[in-house]
Amino acid sequence: MAKPDNRKNNVERLQQMRENTIQNIEAAEETLAQSDMDGAERQAVEQKNERRRESIHAFEAEIKDEQEDRERGNY
């Protein structure tokens, strides 16, 4: 049997995921600045950071939605 959906901590969980993603971007940028990666490796890291930035925007939108649901008393 599936567990019921517990959304009480979604905002906090999403905020933590957002913070972790920001830290990953910062760590990758430090690595890029301090290393002599070849062009393909550097490009792969830069592309991954771009996807991470897109994820941050998605987290922010989801956090907003979850916070609004919480304020409306939906859970």
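In which helix does Glu-66 lie? Glu-66 lies in helix H2, and a walk through the fold shows what surrounds that helix. The structure is a predicted model, in which local features need pLDDT of at least 70 and side-chain atom pairs count only at pLDDT 80 or more, while totals for chains, interfaces and linings use all residues. Residues are numbered from 1 along each chain as its sequence is written, and side-chain values use heavy atoms, with hydrogens and water left out.

The chain holds 2 helices and 0 strands, where helices (H or I, at least four residues) and strands (E, at least two) are DSSP runs numbered from the N terminus. With a radius of gyration of 17 Å, well over the 11 Å that the globule rule gives for 75 residues, the chain is more spread out than a compact globule. That radius is taken over C-alpha atoms, and the globule rule is 2.2 Å times the number of residues to the power 0.38. Along its principal axes the C-alpha trace spans about 50 × 30 × 15 Å. The accessible surface of the chain is about 5800 Å², and 46% of it belongs to carbon and sulfur atoms; such areas come from the Shrake-Rupley method with a 1.4 Å probe, and for residues only the protein chains shown count as cover. Of the 75 residues, 19% count as buried, where buried means under 20% relative accessible area, exposed over 50%, and partly exposed in between (1.4 Å probe, protein chains only). Contacts (heavy atoms within 4.5 Å) often span long stretches of sequence: among those between residues at least 6 apart, 76% join residues at least 24 apart.

Helix H2 covers residues 39–71, which makes 33 residues. From its first C-alpha to its last, H2 reaches 48 Å, close to the 48 Å expected at 1.5 Å a residue; the expected span is 1.5 Å times one less than the number of residues. At the start of H2, a side-chain oxygen of Asp-38 comes to within 3.1 Å of the backbone nitrogen of Ala-40. Just after the helix, Gly-73 takes a positive phi of about 80°.

The buried residues of H2 are Asn-49, Arg-52, Ile-56, Phe-59, Ile-63, Glu-66 and Asp-69. An α-helix has 3.6 residues a turn, so residues three or four places apart point the same way. What covers the buried residues of H2 includes helix H1 (10–34). Asn-49, in helix H2, is buried at 2% relative accessibility. Leaving aside residues up to four places away in sequence, Asn-49 touches Asn-24, Ile-25, Ala-28 and Glu-29. Glu-66 is also in H2 and counts as buried at 9% relative accessibility. The C-alpha atoms of Glu-66 and Leu-32 are 35 Å apart, with their positions 34 residues apart along the chain.

From the side of H1, Leu-14 offers a matching view. Leu-14 is placed in helix H1 and is buried, with a relative accessible area of 3%. Its contacts, not counting residues up to four places away in sequence, are with Phe-59, Glu-62, Ile-63 and Glu-66. Leu-14 and Asp-69 are 55 residues apart in sequence, and their C-alpha atoms are 14 Å apart in space.

Charged pairs also link the two helices. With a salt bridge taken as a side-chain nitrogen of Lys or Arg within 4 Å of a carboxyl oxygen of Asp or Glu, the count comes to 7. In one of them, Glu-12 pairs with Arg-70, the closest N and O atoms being 2.9 Å apart. Glu-12 lies in helix H1 and Arg-70 in helix H2, so this pair ties together parts that are 58 residues apart in sequence. Glu-12 is partly exposed at a relative accessible area of 39%, and Arg-70 is partly exposed at 26%.

Arg-18 forms a salt bridge with Glu-60, with the closest N and O atoms 3.0 Å apart. Arg-18 lies in helix H1 and Glu-60 in helix H2, so the pair ties together parts that are 42 residues apart in sequence. Arg-18 also forms a salt bridge with Glu-19, where the closest N and O atoms are 2.9 Å apart. Arg-18 is partly exposed at 22% relative accessibility, as are Glu-19 at 36% and Glu-60 at 33%. Finally, Lys-64, Glu-68, Asp-69 and Arg-72 are linked in a network of salt bridges.

Terms used. A polar contact is a pair of N or O atoms within 3.5 Å; within protein, one must be able to donate a hydrogen and the other to accept it, and residues adjacent in sequence count only if both atoms are side-chain atoms.
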